[in-house]
Amino acid sequence: KSSDRGKYVSDLEIFNDLSIDEPSWFKRFHSFITTQQRLYSSSISFAARMEVEGLLNCLKLYRKQWCSYQMLKRIAEEQNPLYEKENALPPSTCQHLDNWLGSLDEEEAAEIEEDVIVSGMWLPRYLMDSLENFGERETKENEEQSETLISSYLLEWLLCLDFLDAAGSSDMRNRSHIGSYIKLTGALKHVLNLALCYTDLDNRKEKERKWVKCTAIDVGKIDFNVSDLSMLVLFRTVESIPTLFKSWWEEDCPRAVQSTISKFVENVVAPETLRRELDRIKITSSLGELSVTGSCVSREVMATYVQDESKLSVIIRIPKQFPLRNVEVDCQKTLGVSEKRWRHWSLQIMLMLNSQDGSILDALLLWKQNVDKEFEGVEPCPVCYSVLCVKTHAMPNLECNTCHNRFHRSCLYKWFGSSGKSQCVLCQQPWSGTKVGS
């Protein structure tokens, strides 16, 4: 009801008054969240969205951390953008964007700008400022304040991942956009290094029992333990942005803990994330005629799709240390399809899972869409082997005037940059192309 919404907005405005930090307020809002959230779900969500930036500021206050986090997590789970595209970026992010664009060519600049704008639509501005300035933060000397402050940093990161997952569930393209933005900020290295400072992964007698606790926050506990939060940060980072985590593990992870983190991924993260993904596949309503089964024991996911009297089969093998080790894809059991075509499909799925932070479900749905387009006669891009661009879902829209093969604009210009040549990928003639309808 609108009257309820007004009441909750008023209550949250009082809650966000940072000068009020009494235990009575904590008890009131703890009860508010635990007993009334389901009963007044829509009203609470509406009020929380109105006060999202203030709620994030409350994460720094010991008595308000728990309530703030619970309400903010509820906002993320709604899977709705927070801001309109025209009003997505705060001034500080615009300044960072200017620096990121620098001397990039027009194509790369447009792609990065789109990444940042999409991120601005889904992420609270407070969190964007947090990501963009994470490396400049300093821990306060006072031990009690320091633990609360460290907890707030870790909670901010966890909420970033919650908003990212919500955006990705709304449209799989959003995951790639926000992941690219996070990479631009450089925050990941600082977050994970901070988490490692408060996580004891080695030499723990009860290691396995402790590790199991790291997959979710216990809603029954009103205090956040920095060590537990740090382990959850590691778990959720692998789960939500596996490609970025793998890059950190390979390039920035301290060598002394690389092996331990590898075991942590193998023993805890990989089994749990695969179980969650298979559960997600079971309840999805977007598969249509695509049949998908999987096993946590064999760590294989099998998909079958019938198209134009051809039975198309895909087997995805997920290694025990994924994402630190790449998935393998086998399409050889597909009948009535050329070897070249099923090899392209294998590469396309592996690209999304190993390099694009895509989920298994997202990769299979994109594969299905690509199959439909190919059977309609559309040739895949020779660079990424996909009809639909993994990141934007655009069709190949640049045609070589010499060999008449078509490429995704973004794929072609990335190839120009990496090869140092302005030649067609296939015919190797100096590039001369025409934009065609997509």
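Start with the whole protein chain, coloured by secondary structure, where 18 helices and seven strands can be picked out; helices (H or I, at least four residues) and strands (E, at least two) are DSSP runs, numbered from the N terminus. This is a predicted model, in which local features need pLDDT of at least 70 and side-chain atom pairs count only at pLDDT 80 or more, while totals for chains, interfaces and linings use all residues. Residues are numbered from 1 along each chain as its sequence is written, and side-chain values use heavy atoms, with hydrogens and water left out.

With the chain still selected, turn on its surface: about 21,000 Å² is exposed, and carbon and sulfur atoms supply 47% of that area, as computed by the Shrake-Rupley method with a 1.4 Å probe, where for residues only the protein chains shown count as cover. Of the 438 residues in the protein chain, 51% are buried, a word that here stands for under 20% relative accessible area (1.4 Å probe, protein chains only).

Next, select residues 310-317, which form strand β3, a mostly covered strand with six of its eight residues buried. Add residues 300-307, strand β2, which runs antiparallel to β3 and is joined to it by eight bridges; two strands count as paired if DSSP finds at least two bridges between them. Within this pair, look for Glu300, which stands opposite Arg317 in β3. Then move to the turn of the hairpin that β2 and β3 form, where two residues lie between the strands and Asp308 has a positive phi of about 55 degrees.

Finally, select residues 328-330, strand β4, which is antiparallel to β3 and joined to it by three bridges; here Asp330 in β4 is the bridge partner of Ile315.

Notes: Buried < 20%, exposed > 50% of the residue type's maximum accessible area, 1.4 Å probe, protein only.
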